[in-house]
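Dear colleague,

I am passing on the structure below, and after it you will find some notes on what turned up when I went through it.

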Amino acid sequence: MASESPKKNWSINDFEIGKPLGKGKFGRVYLARESKSKYIVALKVIFKEQIEKYRLQHQLKREMAIQTSLRHPHVLRLYGWFHDAERIFLILEYAHGGELYGELRRVGYLSEQQAATYIASLTHALAYCHEKHVIHRDIKPENLLLDHEGRLKIADFGWSVQSKNKRHTMCGTLDYLAPEMVENKAHDYAVDNWTLGVLCYEFLYGVPPFEADSQADTFQRIMKVDLTFPSTPHVSTEAKDLIIQLLVKDSAKRLPLDKILKHPWIIMNADPNGSFPE
Ligand SMILES: Nc1ncnc2c1ncn2[C@@H]1O[C@H](COP(=O)(O)OP(=O)(O)OP(=O)(O)O)[C@@H](O)[C@H]1O
């Protein structure tokens with residue numbers, strides 16, 4: 001599987017299916033093992049009926065092609081896919097550590113070392129994606145998975161636009177969106193830089209910076225960049241400085257990715273291997 005050939009015609013008979021790993025809007029994810037190589041993967045099963053109902057066929061295809069073409073240590077691999085009459089199967093890299101969101105909720109907030117390691121990993125991955133002209137637009141803790149060594153993996157490329165719609169229409173969390181996206185204005189790569197600032201804040205304080213009781217209030221807070229830092233002694237001045245330089249309304253003035261990696265807080269705290277075992 002590691003040296004997979006993209007032309008292989010996979011089928012469900014090539015895999016031994018294990019325990020369920022989780023459930024998403026369009027299907028379920030199972031632990032699985034490719035029978036011949038014994039290679040462990042996560043198999044995501046999507047029901048065609050659901051995709052057709054929401055008219056997402058074209059988008060799914062396009063985004064699957066994008067994720068298959070991306071090769072980066074911090075981007076979850078999509079090794080391939082196949083389908084039968086009712087279902088589409090995505091063969092994904094297995095992330096043993098599960099969602100970063102789960103860890104964050106469990107521990108409350110992360111140490112500066114851990115937060116900086118994740119921000120550096122994300123920055124490297126985003127620089128790679130941006131080079132390939134891919135804007136993720138939907139980076140949030142639920143879409144960040146951890147592997148067996150605690151390395152961060154960006155997942156869920158397939159659903160950036162779909163998830164955005166979902167957020168507006170169903171669950172309505174605007175928390176991670178840059179002002180230009182909240183306002184529905186044209187946006188560019190710098191939307192991901194804003195999200196890095198939101199995530200950095202949430203990693204260190206346990207809550208996103210513009211959280212409010214209603215969507216309208218979150219909207220207002222984002223538009224005003226109403227940023228306040230709780231008087232918690234555990235967060236350093238350098239960390240706050242990085243957050244302030246990312247949460248800038250004018251997208252052209254946000255700290256660029258290469259400068260994030262040279263920021264003193266990252267230099268002082270991030271593990272160069274991007275690994276953070278529990
Ligand atoms: N590659 C993976 N390795 C390990 N666990 C995974 C993997 N992919 C998904 N999971 C787990 O399975 C669950 C469901 O994943 P899935 O991607 O289907 O859902 P989602 O992202 O929550 O929703 P959506 O259907 O909107 O994409 C996730 O909560 C995650 O914990």
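In this predicted model, Ile-46 stands opposite Ile-88 of strand E5, a pair that belongs to the antiparallel arrangement of E3 and E5, which are joined by seven bridges. On strand E2 (residues 27-34), the residue Val-29 has Lys-44 in E3 as its bridge partner, and E2 and E3 likewise run antiparallel, with seven bridges between them. These two strands, E2 and E3, make a hairpin with five residues between them, and Lys-38 in its turn has a positive phi of about 65 degrees.

Turning to the ligand, 20 residues surround it, and those that come nearest are Gly-22, Gly-24, Lys-25, Ala-42 and Ala-95. Two or more residues of this shell are given by each of the strands E1 (15-23), E3 (40-47), E5 (87-93) and E6 (98-99), with E1 giving the most, namely three residues. Sorted by class, the shell consists of 11 nonpolar, six charged and three polar residues.

As for confidence, the model has an ipTM of 0.94 and a pTM of 0.89, while the protein chain averages a pLDDT of 87, with 89% of the residues scoring at least 70. Within the chain, helix H9 (residues 237-246) has the highest confidence, at a mean of 98, and helix H5 (residues 160-171) the lowest, at 36. The pLDDT is below 50 over residues 159-172, a stretch that has 15 contacts in the model beyond near neighbours in sequence. Where pLDDT is low, the predicted coordinates should not be read in detail.

With best wishes

Methods:
Residues numbered from 1 in each chain as written. Predicted model: local features only at pLDDT ≥ 70, side-chain atom pairs only at ≥ 80, totals over all residues. Near = placed C-beta within 6 Å. Helix = DSSP H or I, 4+ residues; strand = E, 2+ residues; numbered from the N terminus. Nonpolar A, V, L, I, M, F, W, Y, C, P; charged D, E, K, R; others polar. pLDDT = per-residue confidence, 0-100. Contact = placed C-beta atoms within 7 Å. Pairing = 2+ DSSP bridges.
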